[in-house]
There are 2 protein chains.
Amino acid sequence: MKKYVPVLMKTQMFAGVGNDEVSAMLSCLDARLYNYKKGEYVLRQGEHLSDIVVLVEGTLHIQNDDYWGNRSILGQIAVGEMFGEAYVAPESGALLNDVVAIEDSTVIFFDVRRILTTCSSACRFHAMVVQNMFFAISGKNRKLVQKLGHMSKRSTREKLISYLSEEAKKHNSATFNIPFNRQQLADFLSVDRSAMSNELCKMRDDGLIEFDKNSFKLL
Amino acid sequence: MKKYVPVLMKTQMFAGVGNDEVSAMLSCLDARLYNYKKGEYVLRQGEHLSDIVVLVEGTLHIQNDDYWGNRSILGQIAVGEMFGEAYVAPESGALLNDVVAIEDSTVIFFDVRRILTTCSSACRFHAMVVQNMFFAISGKNRKLVQKLGHMSKRSTREKLISYLSEEAKKHNSATFNIPFNRQQLADFLSVDRSAMSNELCKMRDDGLIEFDKNSFKLL
DNA sequence: ACAAATCAGTTGTTTTTACAACAGAATCGA
DNA sequence: TCGATTCTGTTGTAAAAACAACTGATTTGT
């Protein structure tokens, strides 16, 4: 376990916590290390979870199979990222997705109750971890709400307007660069790339926006 | 402030905390009470927030104006609900929405750092509040991810398949009732009601599902 | 520097969705 | 109970998006 302390130190969860403190907290947080071979399941749909999990080696996929067996990959988890935090609330019910190792992987499970219940003064940094976790989920929440705001628009143009307006607000300027190329933006907004490209040009023709590559200007 | 302790006790934030304890914690959490007349802004786009806010009287709307001034109402906040929790992380940047009182309203602001930094032993229930907050936002997260999973599907049929599959998993059964009528389900999935109704019937004709009112069965 | 790969825009066709308008069934209220 | 309202399904039409295929521009790697 000690081997992975440097990895843990770089995670959001342990941001600002020193090497020795992380080591000291491992037992206090009931950290358990597990290895998975490529193809093995880390978490299964239907299971109940009361741990927050951090990937310290390898790569994982979050997968979803619908009732008729169609599989879709919802996301990829890279080293240092945490998952499971959305399912740890007592009332959250069973997991609805699978988490699978797509290469040999190692994860560390942390009991959420041990995280949230500050223990003896032995771990002075415990409160810091709680804050880190809270802000991490809070930030995730914000991103989800924002994305949902765009996605809930019916037309491609409305989605673009929603997204671009928000970027302008974030940058506090009508001119800004976006962190996506066209395909990525289309994927982000769940629309067809060529249709979106087409719509962007129409919006330019209508005098709503100007753009050049990743640089946009709202008029 | 004391007047609203019974309201606070019913909130997710203070679940399981007794009357006297809530009262005692108000100062420890730096609770500040504000009144707003109908039409006044509780929070404004562009502001920075480091408080979690609980509505104790009235009704609020979360509004969003795009760059060209088109307003959309993202949601309504009822008595006992909290908001702002997605923006309290230090790195979250400015608010992107407005919160407006649509009738005379009263809210209580709680400094998030005071919540997360457990104080002296005076408030034994402080840890409980931290847990409550954590689970609340974690649960919100889960709902958002799930909804996003449906919304990211391109066609109405795929959205329905995604939603119905998930309901089946939740109920652990191929037969279940949904908590929406047709219009509400259409709004939830951001599609047209009549088109959705049409698609549901096609899915029935294709032998995928059976349904009667709110009761569905996957085949 | 050059070939290969990636990226952005364009066009035409097909499919899907939104929209509007309506009808029958179910529900609600007086 | 009766009228009004709400809910659900149906249909036709218009609008929009997806899809496929292609072009030229830009970037990348050797």
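Reader: Why is B:Y163 called buried?

Author: Buried means a relative accessible area under 20%, exposed means over 50%, and partly exposed lies in between (1.4 Å probe, protein chains only). B:Y163 has a relative accessible area of 2%, which is under that 20% limit, so the residue counts as buried. The model is predicted, so local features need pLDDT of at least 70 and side-chain atom pairs count only at pLDDT 80 or more, whereas totals for chains, interfaces and linings use all residues; side-chain values use heavy atoms, with hydrogens and water left out. Residues are numbered from 1 along each chain as its sequence is written, while chains are lettered from A and ligands numbered from 1 in the order in which they are written.

Reader: What makes B:F188 partly exposed?

Author: Its relative accessible area is 21%, which falls between the two limits, and therefore B:F188 is partly exposed.

Reader: How many aromatic pairs are there, and why is the one between B:Y163 and B:F188 called edge-to-face?

Author: Over all chains, a search of the whole structure finds 16 aromatic pairs. Rings of Phe, Tyr and Trp (its six-membered ring) pair if their centres lie within 6.5 Å; planes under 30 degrees apart are stacked, over 60 edge-to-face, and the rest tilted. The ring centres of B:Y163 and B:F188 are 5.9 Å apart and their planes stand at 65°, so the two rings are a pair and the pair is edge-to-face. This pair links distant parts of the chain, with B:Y163 in helix α5 (156-171) and B:F188 in helix α6 (182-189) of chain B, 25 residues apart. In chain A, A:Y163, A:F180 and A:F188 form one aromatic cluster.

Reader: What makes a stretch a helix or a strand?

Author: Both are DSSP runs numbered from the N terminus: helices (H or I) have at least four residues and strands (E) at least two.

Reader: How do you know that β4 and β5 of chain B pair?

Author: Two strands pair if DSSP finds at least two bridges between them. Strand β4 (60-65) is joined to β5(B) by 6 bridges, so the criterion is met, and the two run antiparallel. B:D65 has B:R71 of β5(B) opposite it. In general, strands of a sheet pair through backbone hydrogen bonds, either parallel or antiparallel.

Reader: Why is the sheet with the order β2-β7-β4-β5 of chain B called open?

Author: This sheet has 4 strands with antiparallel pairing. At its edges stand β2 (41-43) and β5 (71-77) of chain B, each with a single partner strand, so one side of each has no neighbour in the sheet. Neighbouring strands are turned by 35° against each other on average, direction ignored.

Reader: Which strands pair with β11 of chain B, and what lies on its faces?

Author: β9 (175-177) pairs with β11(B) in the antiparallel sense over 3 bridges, and B:F176 has B:F216 as its bridge partner. β10 (209-212) is joined to β11(B) by 4 bridges, also antiparallel, with B:E210 opposite B:K217. The strands β10(B) and β11(B) form a hairpin with 2 residues between them, and B:K213 in the turn has a positive phi of about 55°. On β11 (215-218), B:F216 and B:L218 make up the covered face, and B:S215 and B:K217 the uncovered one.

Reader: What makes the approach of B:K213 to DNA strand C a polar contact?

Author: A polar contact is a pair of N or O atoms within 3.5 Å; within protein, one must be able to donate a hydrogen and the other to accept it, and residues adjacent in sequence count only if both atoms are side-chain atoms. A polar side-chain atom of B:K213 lies 3.2 Å from a phosphate oxygen of DNA strand C, so the pair qualifies. A backbone N or O atom of B:T156 lies 2.4 Å from another such group, a phosphate oxygen of DNA strand C.

Reader: Which residues surround DNA strand D, and which of its base nitrogens are approached by side chains?

Author: A residue is near a strand if one of its heavy atoms lies within 4 Å of it. DNA strand D is surrounded by 17 residues, the closest being A:T156, B:R182, B:S197, B:N198 and B:F211. A base nitrogen of DNA strand D is 3.3 Å from a side-chain N or O atom of A:S194, and a base nitrogen is 3.0 Å from one of B:R193. With 5 residues, α7(B) gives the most to the surface near DNA strand D.

Terms used
Axes fitted to C-alpha atoms, helices over the stretch in contact; angles between N-to-C directions.
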